[in-house]
Each structure stands twice: as C-alpha cells, then as structure tokens.
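User: I'm new to reading protein structures, and I'd like a close look at one part of this one. Could you walk me through the sheet and the helices that pack around it?

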Amino acid sequence: MVRTLILMRHGKSAYPDGVDDHERPLAPRGRREAGLAGQWLRETQPPIDAVRCSTATRTRQTLTATEITAPVVFESAIYEAAPETLIELIQLSDDDVATLLVIGHAPGMPWTAWELASNHDCAPAVELSRKFPTSALAVLRFDRPWADVDPGTGELIHFHIPR
C-alpha cells in the first residue's frame with residue numbers, strides 16, 4: 001500500500017498580550033488560509049484517514065478550520081518537536097492508515113519534510129527549502145509501512161502554500 005503523509009504548519013497566529021505561546025489563537029488570516037488548505041486537501045489529495053495534531057491552541061484551531069473530519073489524536077510531543085520525535089510519532093501510525101495528516105509547528109514541520117524526502121532536487125523541495133510559511137503543506141509518498149518510514153525514504157510530491 002502506498003502511504004501519503006501530509007505535514008502542515010499551523011495557520012498564522014495572533015499575539016495577544018499576556019497569552020502563553022502554547023495558547024496563542026489563530027489570527028483571522030490564519031483561519032482563512034487554514035480553510036483554503038483544507039479545501040485544497042479535499043480537492044487534490046486522497047481522503048485523510050487519521051490526524052495527529054499538536055495540543056497548541058493554534059494547531060487545534062487550524063484543524064477545525066480545515067474541516068477535515070478524520071479521527072484525530074492530539075499529541076503534546078508535536079509542540080517544539082525535533083524531526084526525530086515527529087518521525088517516531090509517524091512510525092506509530094496504524095497499518096490501515098493510508099493518508100496521515102500531521103499539524104504542527106516550525107521548525108519541526110519543514111525539517112521533518114526535508115529529512116524524510118529523498119528527492120531534494122525536485123521543484124517542491126526547492127520551494128520548501130526557501131520558506132515553509134504558516135498553513136503550508138508538504139505532501140510525501142512512501143512505498144512502505146509507517147513503521148519503516150525513515151529519513152530519505154519518502155518522495156516529496158507537493159509543496160502547497162494556500163493563499
């Protein structure tokens with residue numbers, strides 16, 4: 001079974017006074033762009049079977065704005081995670097999951113996409129290496145079970161910035 005991994009950075013967040021970083025909400029632009037990301041996902045990608053989402057307020061609100069309704073696991077480990085941690089979480093996905101969406105933060109999302117991709121010279125990788133803005137999506141395909149996903153084993157097939 002071919003597996004699709006979608007790594008999404010949360011939408012643009014607001015910076016209200018006195019609010020801890022973990023609790024920062026989305027800005028109106030973040031809600032709008034996350035909604036556009038969800039529309040792009042539904043129109044261009046296989047149906048999402050499962051979601052792993054950071055527990056931060058802005059990632060939870062990003063998921064809501066996408067209108068993706070797949071079963072979700074909220075993972076505190078995604079907040080400020082290094083690629084090694086994110087890859088370990090991906091490897092724990094059930095075998096029956098064909099398409100997994102992970103919603104997290106920078107620098108974890110771009111670094112993990114880069115680590116997993118084997119094709120660093122393709123157009124999506126070049127674009128990803130320049131900037132991974134809020135609400136951006138990296139889509140990778142794997143020809144192996146989730147448990148065997150390791151650095152350099154995926155093919156980066158899309159990098160999309162919803163605007």
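Analyst: Here is a walk through the sheet, then the helices lying across it, and then two places where helices pack together.

Please keep in mind that this is a predicted model. Let's begin with the sheet. In general, strands of a sheet pair through backbone hydrogen bonds, either parallel or antiparallel. Here, 6 strands form an open sheet, and reading across it you meet them in the order β3-β2-β4-β1-β5-β6. The pairing is mixed. At the edges sit β3 (72-75) and β6 (155-160), each of which pairs on one side only. From one strand to the next, the twist averages 15°.

To see one pairing in detail, find strand β2 (residues 50-54) and strand β4 (residues 99-104), which pair in the parallel sense over 4 bridges. A handy spot to look for is Ala50, which stands opposite Leu100 in β4.

Now for the helices that lie across these strands. Helix α1 (residues 28-44) lies across β1 (3-9), β4, β5 (137-142) and β6, and runs at about 30° to β5. Helix α2 (residues 57-66) lies across β1, β2, β3 and β4, running at about 145° to β2.

How do helices pack against each other? Two packed helices are described by the angle between their axes and the distance between the axes. For α1 and α2, the angle is about 50° and the axes are 7 Å apart. The two helices are therefore oblique to each other, and α1 passes α2 in a right-handed crossing. On the α1 side, the contact is made by Arg31, Ala34, Gly35, Gly38 and Arg42, while α2 brings Thr62, Ala65 and Thr66. Sorted by character, the residues of this contact of α1 with α2 divide into 2 nonpolar, 4 polar and 2 charged.

A second pair to visit is helix α4 (residues 108-116) with helix α5 (residues 123-130), whose axes come within 10 Å and cross at roughly 150°. That makes α4 and α5 roughly antiparallel to each other, because angles over 145 degrees count that way. In this case the crossing of α4 past α5 is left-handed. Pro110, Ala113 and Trp114 of α4 make the contact with Ala125, Leu128 and Ser129 of α5. The residues in the contact of α4 with α5 divide into 5 nonpolar, 1 polar and no charged.

If you'd like to trace it yourself, start at the edge strand β3, follow the strand order across the sheet to β6, and then look for α1 lying across β1, β4, β5 and β6.

Methods. Residues numbered from 1 in each chain as written. Predicted model: local features only at pLDDT ≥ 70, side-chain atom pairs only at ≥ 80, totals over all residues. Heavy atoms only, no water. Pairing = 2+ DSSP bridges. Axes fitted to C-alpha atoms, helices over the stretch in contact; angles between N-to-C directions. Contact = heavy atoms within 4.5 Å. Parallel < 35°, antiparallel > 145°, perpendicular 65-115°, else oblique. Left-handed = near helix turned anticlockwise from the far one by under 90°. Nonpolar A, V, L, I, M, F, W, Y, C, P; charged D, E, K, R; others polar.
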